[in-house]
Amino acid sequence: WSLLASVMLKRKLDHGGGLFDSSPGGGLLDSSFGSAAGATWTLRVDFDGDDSREVHLHREACRSAFLTLLQDTDRFGGSRTVTLDPAWRSFFEPLMRILYIPEAVDFFVEQLLVSHARTIGQALAVSHCAIYLDLDAPFFAAFYAAVRSRRRRWSAFIDDDRFELPRAWRQLPLGHALRWLHALCPSAHAARSNLAAYLAAEPGLSESMMHDGARDEEVASGAAEPDDEEA
């Protein structure tokens with residue numbers, strides 16, 4: 001798909017088109033995302049009282065169980081307003097757009113990381129937002145594959161025994177924390193050190209639970225060696 005998309009994209013751009021445009025032919029990856037026409041519900045997104053936005057959502061957004069639950073929440077005295085971390089402001093809409101074109105998830109993830117995640121810390125913010133929005137398994141498969149390919153680009157010390165992940169990593173759910181560790185593939189010493197820091201931040205989590213989760217993650221993700229992308 002990536003090769004076909006690249007060829008089609010080049011042709012589109014050569015003729016003055018774009019990825020997303022309102023011309024009669026539309027953009028290569030255009031969808032109904034953000035359009036009021038045919039919208040099933042409207043979500044108000046607030047960033048701690050700053051720069052509130054309205055996002056029109058359609059049936060495609062039902063790939064997220066979380067967003068689906070918000071669809072009829074006002075019937076029960078609830079609200080269709082969500083408050084997000086201000087650090088997510090620039091990429092929450094690109095993440096929701098991915099729900100509309102699942103067959104292009106690899107392309108969207110690449111564009112997302114190129115535009116909004118040039119460091120491990122920024123990529124961690126993207127993963128926190130994606131978890132909150134309840135993006136599906138194909139997104140996270142593509143996301144962690146992209147993380148793996150960028151491991152040395154993001155940190156020259158990734159193979160150093162003293163490598164330490166940012167605090168935001170310790171705030172991830174266990175399964176995602178382990179997938180991050182698997183994708184980055186630090187040294188054994190650094191992995192143990194970071195896992196100890198994770199355990200210290202989660203006093204209710206036992207070491208045996210961590211080992212069980214690691215085994216499950218190894219089975220789910222495979223045990224392939226890192227496939228680093230050249231810088």
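## Close-up views of a predicted model

Of the 231 residues of the protein chain, 39% count as buried. The model shown in these views is predicted.

**View 1. The whole chain combines 10 helices with three strands.** Reading from the N terminus, the elements follow the order α-β-β-α-β-α-α-α-α-α-α-α-α. Among contacts in the protein chain with a separation of 6 or more, 65% are accounted for by residues 24 or more positions apart. The chain exposes about 12,400 Å², and carbon and sulfur atoms supply 53% of that area.

**View 2. The largest nonpolar core has 60 residues.** Here is a good place to start exploring the interior. The members that touch the most other members are Leu57, Leu67, Leu95, Met96, Phe139, Trp169 and Trp180. Zooming in on Leu57, you will find that this residue touches Phe33, Ala39, Thr40, Trp41, Leu43, Leu67, Met96 and Tyr100, leaving aside residues up to four places away in sequence. As background, nonpolar side chains in soluble globular proteins tend to be buried together.

**View 3. Trp41 sits in strand β1, which covers residues 41–47.** Trp41 counts as buried because its relative accessibility is 2%, and buried means under 20%. Its C-alpha atom is separated by 6.2 Å from that of His56, a residue 15 residues apart from Trp41 along the chain. Not counting residues up to four places away in sequence, Trp41 touches Val55, His56, Leu57, His58, Ala61, Cys62, Leu67, Thr68, Gln71 and Arg80.

**View 4. Helix α6 spans residues 137–149.** From the first C-alpha to the last, its 13 residues reach 19 Å, close to the 18 Å expected at 1.5 Å a residue. Its buried residues are Phe139, Phe140, Ala142, Phe143, Tyr144, Ala146, Val147, Arg148 and Ser149. What covers these buried residues of α6? The cover includes α3 (92–98), α4 (105–116), α5 (120–132), α7 (151–154) and α8 (174–184).

**View 5. Arg44 and Glu54 meet through their side chains in a salt bridge, 2.6 Å from N to O.** This pair links distant parts of the chain, with Arg44 in strand β1 and Glu54 in strand β2 (residues 50–57), 10 residues apart. Both partners are partly exposed: Arg44 has a relative accessible area of 35%, and Glu54 has one of 46%.

**View 6. Arg53 and Glu93 form a salt bridge between their side chains, at 2.9 Å from N to O.** Here too, distant parts of the chain are linked: Arg53 lies in strand β2 and Glu93 in helix α3, 40 residues apart. Arg53 is partly exposed with a relative accessible area of 23%, and Glu93 counts as partly exposed at 26%.

**View 7. Arg150 forms a salt bridge with Glu110, the closest N and O atoms being 2.9 Å apart.** Because Arg150 lies in the loop between α6 and α7 while Glu110 belongs to helix α4, the pair ties together parts that are 40 residues apart in sequence. Is each partner buried or partly exposed? Arg150 counts as buried, at 3% relative accessibility, whereas Glu110 counts as partly exposed, at 31%. Arg151, Arg152 and Asp159 are joined into one network by salt bridges that share partners. A search of the whole structure finds six salt bridges.

**View 8. Cys62 and Cys185 belong to a structure with zero disulfides.** Cys62 is partly exposed, with a relative accessible area of 37%. Cys185 is partly exposed as well, with a relative accessible area of 29%.

Terms used. Residues numbered from 1 in each chain as written. Predicted model: local features only at pLDDT ≥ 70, side-chain atom pairs only at ≥ 80, totals over all residues. Heavy atoms only, no water. Core = buried A, V, L, I, M, F, W, Y, C linked by side-chain atoms within 4.5 Å. Buried < 20%, exposed > 50% of the residue type's maximum accessible area, 1.4 Å probe, protein only. Contact = heavy atoms within 4.5 Å. Helix = DSSP H or I, 4+ residues; strand = E, 2+ residues; numbered from the N terminus. Expected span 1.5 Å × (residues − 1). Areas by Shrake-Rupley, 256 points an atom, 1.4 Å probe, with all protein chains shown as cover. Disulfide = S-S within 2.5 Å. Salt bridge = Lys/Arg side-chain N within 4 Å of Asp/Glu carboxyl O.
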